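Student: I would like a close look at a single part of this protein, taken slowly and with its surroundings included. Please keep to what can be read from the model itself.

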Amino acid sequence: MTSEDVTTDTAPGPDGTPSGPPPERPAPTAQDATLPAGLATAARELFGDRLDLAAGYAELLVTDGVVRGLIGPREAPRIWERHLLNCAAVAELLPQDASVIDVGSGAGLPGLVLAIARPDLTVVLVEPLARRTSFLVETVERLGLARTVRVFRGRADEAASGANGVGPFTADVVTARAVAPLDRLAAWSLPLAFRGGRLLALKGASAAEEVAEHAAAVAKLGGSEPTVRLCGAGLLDPPTTVVEIVRERVIRPPSVKKSPKRSRGGQQRAR
Ligand SMILES: C[S@@+](CC[C@H](N)C(=O)[O-])C[C@H]1O[C@@H](n2cnc3c(N)ncnc32)[C@H](O)[C@@H]1O
């Protein structure tokens, strides 16, 4: 699935800064995605009988993903710890058979990981950049996940309103990692959640600070008081920090009043 009105690889970075052309750097080389022995227990617990599928995804990330510039070469040695396990831990917050929209998926994090760990979920990966959606579409095919995972090329607001005959999308849960500060993320993501549905924003050590800074803005958007949750406690060190916001109220954007049509003389036209 594609949204064709975003045609170039030039969406803003996570903080709204222009991404610009990638800096000159030597061509990255493919690396090894072997699961470190010390993480085997956590990986088995989080992926269960889908561990081989997770290993296939890890392999694609450190080969194709690195070569195509979607994952930094320095991430490859920590692909399990920082990426696959960190994201898979969030599955504990997802109800059985939930629908999920992952905003700003990039190379598929966390959306694709959750779809791998939990075959009961249906997942839409929302990502505006063509280079990234090509990788996502190919990866979904190669991993045999097309039955439960769709890729929408476009921004979150386009997914919420629908674009080019695709969508609009809504889901039980909206996920996002490293996409935008909490106030902007809530503005983009809450319209994608059903009323009573949730935004789960994977945040690092800054979570509590962000909550304190943006709770008032989130409330104005119809969101609940944000709650900080730790996922994978006892399995991962550190556990994954997630900010959870329930969409309590549906806030419609103010409608723009049409000004009455006027004749050339500035008089209101007679009906
Ligand atoms: C720093 S990357 C994070 C990618 C991935 N979530 C991860 O954790 O590796 C931020 C992603 O958000 C996407 N993005 C930026 N603005 C967006 C918007 N308005 N709607 C949806 N995605 C957006 C970018 O294209 C980029 O892929």
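Student: In which sense do β2 and strand β3 pair, and over how many bridges? Please take β2 as the centre of your answer and work outwards from there.

Tutor: This is a predicted model, and everything below should be read with that in mind. β2 and strand β3, the latter made of residues 149-153, pair in the parallel sense over 5 bridges. Within that pairing, V124 has R150 as its bridge partner in β3. Between the two strands the chain passes through helix α5, residues 130-142, and this β-α-β crossover from β2 to β3 is right-handed.

β2 also pairs with β1: the two strands run parallel and are joined by 5 bridges. Here V103 finds its bridge partner in β2 at V126. The connection again includes a helix, since β1, α4 and β2 make up a right-handed β-α-β unit.

As for the setting of β2 itself, the strand covers residues 122-127, and because 5 of these 6 residues are buried, it is largely enclosed by the rest of the structure. It may help to remember, when following the strand by eye, that side chains in a regular strand alternate between the two faces of the sheet.

The helix of the β1-α4-β2 unit offers a good view of how this region is packed. A115 is found in helix α4, and it counts as buried because 28 other C-beta atoms lie within 10 Å, where 20 or more are needed for that label. Leaving aside neighbours within four places in sequence, A115 is in contact with L121, V123, L145, T148 and V149; of these, V123 falls within the residue range of β2 and V149 within that of β3. A115 and A54 are 61 residues apart in sequence, while their C-alpha atoms are 9.9 Å apart in space.

A second residue worth following is A156, which is found in helix α6. With 27 C-beta neighbours inside 10 Å, A156 is buried. Not counting residues up to four places away in sequence, A156 touches V103, V126, W188, S189 and L192, and the pair V103 and V126 are the bridge partners already described between β1 and β2. A156 is also one of the closest residues to the ligand, together with G104, G106, R155 and R177, out of 19 residues that surround the ligand. By class, that shell has 12 nonpolar, 3 polar and 4 charged residues. By contrast with these contacts, the C-alpha atoms of A156 and P36, which are 120 residues apart along the chain, are separated by 35 Å.

The loop before α4 has a backbone feature that deserves a check in the viewer. P110 sits in the loop between β1 (99-103) and α4 (111-117), and a cis peptide bond, with omega of about 5°, joins L109 to P110. Another cis bond, with omega near 5°, runs from D237 to P238, and P238 is placed in the loop between β6 (227-231) and β7 (240-246).

Two loop residues have a positive phi although neither is glycine. N164, with phi near 50°, lies in the loop between α6 (156-161) and β4 (171-177), and it is partly exposed, with 13 other C-beta atoms within 10 Å. A178, with phi near 55°, belongs to the loop between β4 and α7 (182-189); its 14 C-beta neighbours inside 10 Å make it partly exposed as well.

Stepping back, the largest nonpolar core contains 75 residues, and A88, I101 and L114 touch the most other members. Helix α2, residues 51-67, gives the largest share of this core, 7 residues. Beyond residues up to four places away in sequence, A88 touches L46, F47, V113 and A117, of which V113 and A117 fall within the range of α4.

For the protein chain as a whole, there are 8 helices and 7 strands, and buried residues make up 42% of the 271 residues. Among contacts with a separation of 6 or more, 66% are between residues 24 or more positions apart.

Terms used: Residues numbered from 1 in each chain as written. Predicted model: local features only at pLDDT ≥ 70, side-chain atom pairs only at ≥ 80, totals over all residues. Helix = DSSP H or I, 4+ residues; strand = E, 2+ residues; numbered from the N terminus. Buried ≥ 20, exposed ≤ 12 C-beta atoms within 10 Å, placed from the backbone. Pairing = 2+ DSSP bridges. Right-handed = clockwise from strand over helix to strand, strands pointing away. Near = placed C-beta within 6 Å. Nonpolar A, V, L, I, M, F, W, Y, C, P; charged D, E, K, R; others polar. Core = buried A, V, L, I, M, F, W, Y, C linked by C-beta atoms within 7 Å. Contact = placed C-beta atoms within 7 Å.
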